[in-house]
Amino acid sequence: MSVSRRNPGELQIDLFCRGVRIDPSCTLQDDARVIARTRAGLGSGLELVVPGPLKDLWLNAPVEEDFAAESPYALRKVGAGYVVHDARNDEVYAVRLPPEPKWYRERTARGTAMKEIGVLQGTYLGIYVSNSCMFWYRDDPENCKFCTTGFNVGVNEVAQKNIDDVVETALRAKEESGVTFVHFNTGDQNGQGLRQIAPYVKAVKERVGALVGVQAVPPAVDRDLWQYDALRDLGADHFSFCYEFHDPKFFAELLPGKERTVGQGAFFRALEYCQSRMPKGACSGEIIAGVEPLSATYAAIDYITGLGAFPTVCIFRPVVGSDMEHYPSPSYDDMVPVMRHMYERCRARGIPIGVAPNIEVSLIVNPDDAQYLVPRTLGFKLDRLLLKAMKILAKPKFAYELRPRPVRGSLGIWDEKPALARIAERKSSVAV
Ligand code: SF4
């Protein structure tokens, strides 16, 4: 069957699914960001930008996995620029390689390499704040099966991040790379993940000025959900909940640590708790498409958007070294309708997409990227005008958020709250 020319959104998805071969003409060491295997999950590839008339699309293209070696796509250098060539139909697509930021080669005042503190993933700064995820450190590891973090953090990254190092790195990333969003992640920290992230949120808000996102394994019990309110008081703007698989059987089997410690329900309760207190789109549910049945992926998108949250949908990547490295990469024909559905559900629920300034996540198909997958109807055009107007109206708010400012919250609440909860429990047992 002949393959038609892809539009930018289709090309992004096809590259996620098939990967890209690197032609000998490429000089990536001079022109590209280093291939950073420094984070959890599915980012092990080459950062690319596919330019397009509606928006440019960022992606972290698979290059190291076996399936990428079989890809019909090859990256070639032509003059000073780069193209992707599709061997199936001889189509050629201009792409851009975002250069490595200068600060990747620099050190903080304490002598720490900045790229061991945080890395750009698309246009945001991702920081893994502390010792690697505890799911890896058991006699019988309980890591998520798609993940390789246990091999990376502490080897390619500093295991315990110093707050001054983080502030300095985030300031440089903001000044030189235009970063507006700093995302903190911990993996499992024996129930202490949110507490561990808290001082970093406060420091970035007060000393850098950026939108701040937080991702950690949620509390096992609902009485600990107050930590999200405390983090908001410290400046957190966004919470993401990486529950990965909607089908409980896939969740249990592929995420054994999450299943044993908190269970899938904890992710749902935390997402519902946070999104019900925050503006539409301030929280996200993270899922991986291409492993569980598609009906579960559609159900996940409906559930997440039904709450008013943002679906972040990763296309599964069988990362080299992970337990799932021999799983097949998902099919393009399956992933296009999934991403189209994601866009349509976001818009049907009035979830603002593409409104925050300069946040392009290269590990996923951003909901706004999927605008290339829907027909250009009058309704579509009117909706895009509405989103444009929202973006303009939101500018002053974001300008305010990007200024360093004192926060009202206190880190001490983590010591006070458990004591208060114990007093309340004692009082209620006396009353009984
Ligand atoms: S929680 Fe899972 S995906 Fe996250 S770092 Fe730990 S093992 Fe990896």
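Which of the eleven residues around the ligand come nearest? They are Tyr128, Cys133, Trp136, Cys144 and Cys147. By class, the shell around the ligand holds eight nonpolar residues, two polar ones and one charged one. The model is a predicted one.

Now step back to the whole chain. It has 14 helices and 13 strands. Its C-alpha trace spans about 75 × 50 × 50 Å along the principal axes. The radius of gyration is 21 Å; a compact globule of 432 residues would have one near 22 Å, so the chain agrees with that expectation. Of the 432 residues, 55% count as buried. Sequence-distant pairs feature heavily in the contacts. Among contacts with a separation of 6 or more, 76% come from residues 24 or more positions apart.

Next, turn to one sheet. Four strands make up this open sheet, in the order β1-β4-β5-β6, and their pairing is mixed. The edge strands are β1, residues 21-22, and β6, residues 91-95. Each of these pairs on one side only. Strands of a sheet pair through backbone hydrogen bonds, either parallel or antiparallel. Strand β1 runs parallel to β4, residues 73-78, and two bridges join them. Across this pairing, arginine 21 stands opposite alanine 74 in β4.

A helix completes this part of the picture. Helix α1, residues 8-18, packs on the sheet. Helix α1 touches β4, β5 (81-86) and β6. The direction of α1 makes about 115 degrees with that of β4.

Methods
Residues are numbered from 1 along each chain as its sequence is written. This is a predicted model: local features need pLDDT of at least 70, side-chain atom pairs count only at pLDDT 80 or more; totals for chains, interfaces and linings use all residues. Side-chain values use heavy atoms; hydrogens and water are left out. Two strands pair if DSSP finds at least two bridges between them. Contact means heavy atoms within 4.5 Å. Axes are lines fitted to C-alpha atoms, for helices over the stretch in contact, and angles run from 0 to 180 degrees between N-to-C directions. A residue is near a molecule or strand if one of its heavy atoms lies within 4 Å of it. Ala, Val, Leu, Ile, Met, Phe, Trp, Tyr, Cys and Pro count as nonpolar, Asp, Glu, Lys and Arg as charged, and the others, Gly among them, as polar. The radius of gyration is taken over C-alpha atoms; the globule rule is 2.2 Å times the number of residues to the power 0.38. Buried means under 20% relative accessible area, exposed over 50%, partly exposed in between (1.4 Å probe, protein chains only).
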